[in-house]
Amino acid sequence: MPKPTIKIDRPHQLVADFREKGRHVRLNAGEWKMLLELDGEKPFRAVCAQFAIEAEAMPGLLTRFKRLGLVVESRLNLDEFLKQRGLSELPASIVTAPSAETLDAVEIIEVVIGGSGPTTAPVAMNQTEVMEFTLGANPSAAAPADPPMDEVSSDGLRLKPLIDFIVKHAGGGTVGQLAVYRVFLKVPLNLLHGAKIRSLQLVDETFEIHSPPLAQIILAAVRETLGVEYVPSMAGAA
Amino acid sequence: MHERDLDVFIQHTMNYFTKIAHEAPEPRPPTIDFSAPVFLDFTGAIDVSGQSSGTVYLTMPDRMARALLEVVGEPGRDEATCRDLVGEIASTISSNARAHFGSAFQIAVPRTFTASTAIEPLPLQGRFILPLRWRDAEALLVISITELPSSNHAQTDH
């Protein structure tokens with residue numbers, strides 16, 4: 001059986017529930033400092049170097065952090081990367097080719113380096129595992145078009161059509177988006193975090209809720225907030 | 001609070017910019033965030049209580065605060081003046097909200113703080129974050145409330 005590779009030359013970052021897991025782990029202060037330096041960009045080796053850790057010790061340290069479930073290798077999609085930089089969109093100065101597939105990650109990195117991100121409360125967070133999806137169109141825009149009739153696959157609740165339904169039913173625009181907020185206020189935070197949902201923001205038409213209890217609670221929240229039943233296959237009739 | 005009530009805070013914020021800065025900010029696609037709160041350089045916060053309770057706050061980068069001070073003709077650009085500015089914006093929004101809601105909700109006197117002093121006991125449930133782009137900077141209007149069970153269909157009479 002091949003031995004797992006410890007990739008100290010790759011960037012790592014804290015897991016989504018780092019704050020919670022950290023409560024049950026005891027490390028020395030230097031190790032905590034080092035963990036909090038992991039930003040999803042710098043290679044693990046570079047962070048170790050900041051703390052004058054010898055190269056031989058680095059793989060063992062990374063293995064230990066991984067075994068404790070505190071870190072993961074960094075993988076960001078474009079939206080997460082922009083969010084990490086405190087940007088909601090690509091800078092207006094970016095010119096993209098007609099086909100979105102031609103924009104590669106290297107080009108984006110060149111643009112956002114040097115951008116200042118927002119200040120957050122001193123809570124270490126992982127954003128690479130965040131599932132994000134749209135709240136609909138721009139606040140000033142009209143309600144979205146009718147979603148297709150087959151929003152729910154056999155094994156999950158697709159959120160994009162659900163959100164579009166809420167926005168449309170509540171009148172569209174900002175008011176509709178605030179209705180989505182009210183719906184999700186009724187969903188227990190631990191269930192959202194359990195589904196790796198830390199933020200609802202961008203289009204992700206493939207995202208589905210696979211937890212039946214969470215799906216049921218979301219549907220109940222829609223019913224409670226809007227006074228209507230969301231029937232996924234009939235969403236277009238809203 | 002009904003979504004139309006929450007929208008009051010957004011509309012009054014937009015109005016403030018339009019009237020004072022003569023230039024409405026551009027609302028960007030909002031997010032609902034379930035992680036740690038985000039505070040930029042200067043924040044003006046309005047606490048709301050009643051059937052729903054929580055905080056509505058406008059947080060902006062230093063660059064935007066200074067640009068707004070310039071627009072309103074305020075010669076000072078120091079931290080205290082920037083803080084006063086967000087306090088004034090929050091105060092205007094809260095006054096308008098108070099007039100709108102009447103006795104349905106209690107709107108407290110706004111608080112201000114800087115990023116370094118922001119330790120907010122915000123509700124943990126989730127925040128509605130609306131980025132507002134004005135000139136070359138982006139502020140965040142954040143709504144962070146909790147609802148009592150009976151407020152599901154509640155809406156103030158306007």
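The axis of a helix is a line fitted to its C-alpha atoms over the stretch in contact, and the angle between two axes is taken between their N-to-C directions, from 0 to 180 degrees. In the predicted model described here, this angle characterises a helix pair formed between chains A and B. The axes of helix H8 of chain A (residues 173-185) and helix H1 of chain B (residues 3-21) come within 9 Å and cross at roughly 120°. An angle that is neither under 35 degrees, nor over 145, nor from 65 to 115 counts as oblique; H8(A) and H1(B) are therefore oblique to each other. The handedness of this crossing is right-handed. On the side of chain A, the contact involves A:Thr174, A:Val175, A:Leu178, A:Ala179 and A:Arg182 of H8(A), and on the side of chain B it involves B:Glu3, B:Arg4, B:Leu6, B:Asp7 and B:Ile10 of H1(B). Of these contact residues, 5 are nonpolar, 1 is polar and 4 are charged.

Helix H8(A) also takes part in a pairing inside chain A. Its axis and that of helix H7 of chain A (residues 159-169) come within 7 Å, with a crossing angle of roughly 120°. H7(A) and H8(A) are therefore oblique to each other, and their crossing is right-handed. From H7(A), the residues A:Ile163, A:Ile166, A:Val167 and A:Lys168 meet A:Gly176, A:Gln177, A:Ala179, A:Val180 and A:Val183 of H8(A). This contact comprises 6 nonpolar, 2 polar and 1 charged residues. A:Ala179 of H8(A) is listed both in the contact with H1(B) and in the contact with H7(A).

Chain A as a whole contains 10 helices and 6 strands. Of its 238 residues, 32% are buried. Among contacts in chain A between residues at least 6 apart in sequence, 78% link residues at least 24 apart.

In chain B, strand S4 (residues 42-50) pairs with several strands. With strand S5 (residues 52-60) of chain B, S4(B) forms an antiparallel pair over 7 bridges, and a hairpin of 1 residue connects S4(B) to S5(B). Within this pair, B:Phe42 stands opposite B:Met60 of S5(B). S4(B) is also paired in the antiparallel sense with strand S7 (residues 111-114) of chain B, over 4 bridges. In S7(B), B:Thr114 is the bridge partner of B:Phe42. B:Phe42 thus has partners in S5(B) and in S7(B). Strand S6 (residues 105-107) of chain B runs antiparallel to S4(B) and is joined to S4(B) by 3 bridges; here B:Ser49 stands opposite B:Gln106 of S6(B).

How values were computed. Residues numbered from 1 in each chain as written. Chains lettered and ligands numbered in written order. Predicted model: local features only at pLDDT ≥ 70, side-chain atom pairs only at ≥ 80, totals over all residues. Helix = DSSP H or I, 4+ residues; strand = E, 2+ residues; numbered from the N terminus. Left-handed = near helix turned anticlockwise from the far one by under 90°. Contact = placed C-beta atoms within 7 Å. Nonpolar A, V, L, I, M, F, W, Y, C, P; charged D, E, K, R; others polar. Buried ≥ 20, exposed ≤ 12 C-beta atoms within 10 Å, placed from the backbone. Pairing = 2+ DSSP bridges.
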